[in-house]
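Let's take a walk through this one, starting at its pockets and ending at a few individual residues. Have the viewer open and follow along.

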Amino acid sequence: MNQSTHESSHHKREDNRLSTRTGRIMLYILLGLALCIGAFMISIYPTIITKSEQEANIKVPANATPEMVSDTLTKYLGEKYANSVLRLAKLRRIDISQRHGAYTIPAGTNVLNAMRKLTSGAQTPVRITINGFRDMPKMISLISRKMEFPEDSLRAVLRDSLFLSQYGLTPANAMALFMDNTYETYWTASARQLVEKIGESYNYYWDDGRKDLAASLGLSPAEIMVVASIVDEETNKEVEKPTIGRLYINRLHNNMKLQADPTVRFALGDFTVQRILHKDLSVESPYNTYLHHGLPPGPIRTTSETTVSQILNSQPNNYLYMCAREDFSGRHNFASTYQEHLENALRYQARLDERDITR
């Protein structure tokens with residue numbers, strides 16, 4: 001055997017040994033990986049796929065501590081689930097207490113997805129629904145309960161004349177800004193940011209076209225909002241709202257007192273009153289349109305885009321008076337003369353007497 005043949009044979013043996021060693025190492029690596037996966041499946045995976053039993057709204061306030069977050073998670077999701085979420089977050093080296101915000105964990109969410117939700121910083125929007133509020137303080141209280149800011153912050157914004165002027169409003173008629181709707185914002189939004197968001201919707205509605213329609217009726221957008229609030233209190237019959245809106249605008253143009261019963265109920269602070277008594281008409285309040293000419297200082301309730309649009313697009317009429325129908329259908333009898341109105345009123349009052357309705 002010559003030297004070159006001997007060297008070739010030697011190299012082949014070396015290659016075979018190297019190949020065998022490499023294969024053995026790869027086998028060990030695969031076995032180790034399999035063991036790790038097995039250990040994971042046995043010890044960790046069951047924990048990760050554990051699902052929440054109920055929906056939970058987790059709020060992480062500004063300057064929260066890890067202990068506060070742990071307590072909150074435990075309160076709403078249970079100790080075992082909470083500990084698992086925190087353990088996974090720690091593995092990712094993320095402190096949930098630094099994720100200022102509000103997060104909804106739906107029922108059935110596994111631990112891994114809950115951890116991802118809480119560590120991502122992607123808040124769940126808060127839905128603020130405005131629907132026929134008659135009381136500004138109560139509305140402020142209910143809104144504030146859903147937000148991080150205190151009531152005083154929202155109250156201060158709605159008393160800020162300069163801020164409200166950008167919407168053509170004042171503190172007296174600030175309720176006009178809150179048109180019936182559902183608004184979405186984040187729990188961490190400030191009171192001013194929330195009102196700005198609602199104000200954007202108000203300005204969007206009151207575009208140049210609708211402002212021109214209001215002007216054609218001799219009123220500003222804010223004044224139309226006040227009329228609409230009275231109309232909404234007068235009836236829930238959509239077909240009557242344009243007629244009633246025009247009736248009150250007719251009275252304004254004729255320099256007549258509105259004499260709207262809902263404004264008396266507002267002044268009394270009692271919207272359950274069915275029968276307005278003569279003594280009620282003298283209650284001292286700038287909202288009592290039996291005592292004072294013109295519109296009340298502000299809306300007597302929040303109103304909807306639908307009602308406002310019905311008034312803006314209403315057909316002219318010559319009605320100056322209205323009275324609830326004596327059949328208690330919720331509809332009204334309309335009149336152009338006081339004599340006709342008096343006849344309608346007497347029929348209605350007689351039916352109230354028959355049913356012994358005193359208030």
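**Starting at the pocket**

The largest pocket has a lining of 42 residues, and those nearest its centre are Asp261, Arg265, Gln274, Ala324 and Tyr348. Keep in mind that you're looking at a predicted model. The space in this pocket comes to about 1,300 Å³. Who builds the wall? Helices α10 (221–234), α11 (241–253), α12 (261–268) and α14 (338–354), along with strand β5 (321–324), each put in at least two residues. Of the lining, α14 gives the largest share, with eight residues. If you sort the lining by class, you get 22 nonpolar, ten polar and ten charged residues.

Now have a look at α12, since it is one of the elements that line this pocket. Within this helix, Pro262, Thr263, Val264 and Arg265 are buried. So Arg265 is a residue with under 20% relative accessible area, and it is also among the residues nearest the centre of the largest pocket. Part of the cover over the buried residues of α12 comes from α10. Just past the end of α12 you'll find Gly269, with a positive phi of about 75 degrees.

Next comes the second largest pocket, with a volume of about 380 Å³. Its lining has 19 residues, and Asp135, Met136, Pro137, Met175 and Tyr287 are the ones nearest its centre. Helix α5 (residues 136–145) gives the most here, with three residues. By class, the lining of the second largest pocket splits into twelve nonpolar, three polar and four charged residues.

Let's step back to the whole chain for a moment. It has 359 residues, 39% of them buried, and its secondary structure comes to 14 helices and six strands. Count the contacts with a separation of 6 or more, and 64% of them are between residues 24 or more positions apart.

What about the inside? The largest nonpolar core has 57 residues, and Trp206, Ile224 and Val308 are the ones that touch the most other members. Elements that each supply at least two residues of this core include β3 (126–130), α5, α6 (151–157), α7 (161–165), α8 (191–205), α10, α11 and α13 (305–312). Its largest share, seven residues, comes from α10. That helix has turned up before: α10 also supplies at least two residues of the lining of the largest pocket and helps cover the buried residues of α12.

Val308 is a good place to zoom in on this core. Leaving out residues up to four places away in sequence, Val308 touches Met179, Tyr205, Trp206, Ile224, Met225, Ala228 and Thr303. Apart from this core lies another one, of 19 residues, with Val60, Ala82, Val85 and Leu88 among them.

Val60 takes us on to Ser97, which sits in the loop between α3 (79–91) and β2 (101–105). Is Ser97 buried or exposed? Ser97 has a relative accessible area of 5%, so it falls under the 20% cut-off and counts as buried. Beyond its neighbours within four places in sequence, Ser97 is in contact with Val60, Ala64, Thr65, Pro66 and Val69. Its side chain also makes polar contacts, one of 2.7 Å with the side chain of Asp95 and one of 3.5 Å with the side chain of Gln98.

For contrast, try Asn131, in the loop between β3 and α5. Asn131 has a relative accessible area of 60%, so it is over the 50% cut-off and counts as exposed. Neighbours within four places aside, Asn131 is in contact with Asp180 and Thr302. The C-alpha atoms of Asn131 and Phe178 are 9.0 Å apart, with these positions 47 residues apart along the chain.

Last stop: Tyr76, in helix α2 (residues 66–77). Its relative accessibility of 35% lies between the 20% and 50% cut-offs, so Tyr76 counts as partly exposed. Setting aside residues up to four places away in sequence, Tyr76 touches Gln54, Ala56, Asn57 and Ile58. Of these, Asn57 is 19 residues from Tyr76 along the chain, and their C-alpha atoms are separated by 7.8 Å.

Technical notes. Residues numbered from 1 in each chain as written. Predicted model: local features only at pLDDT ≥ 70, side-chain atom pairs only at ≥ 80, totals over all residues. Heavy atoms only, no water. Helix = DSSP H or I, 4+ residues; strand = E, 2+ residues; numbered from the N terminus. Buried < 20%, exposed > 50% of the residue type's maximum accessible area, 1.4 Å probe, protein only. Polar contact = N/O pair within 3.5 Å; in protein donor to acceptor, adjacent residues only side chain to side chain. Contact = heavy atoms within 4.5 Å. 1 Å grid on protein atoms, 1.4 Å probe; cavity = no way out; pocket = protein on both sides within 12 Å on 5 of 7 lines; lining within 4 Å. Points joined across faces, edges and corners; volume = space filled by probe spheres on them. Nonpolar A, V, L, I, M, F, W, Y, C, P; charged D, E, K, R; others polar. Core = buried A, V, L, I, M, F, W, Y, C linked by side-chain atoms within 4.5 Å.
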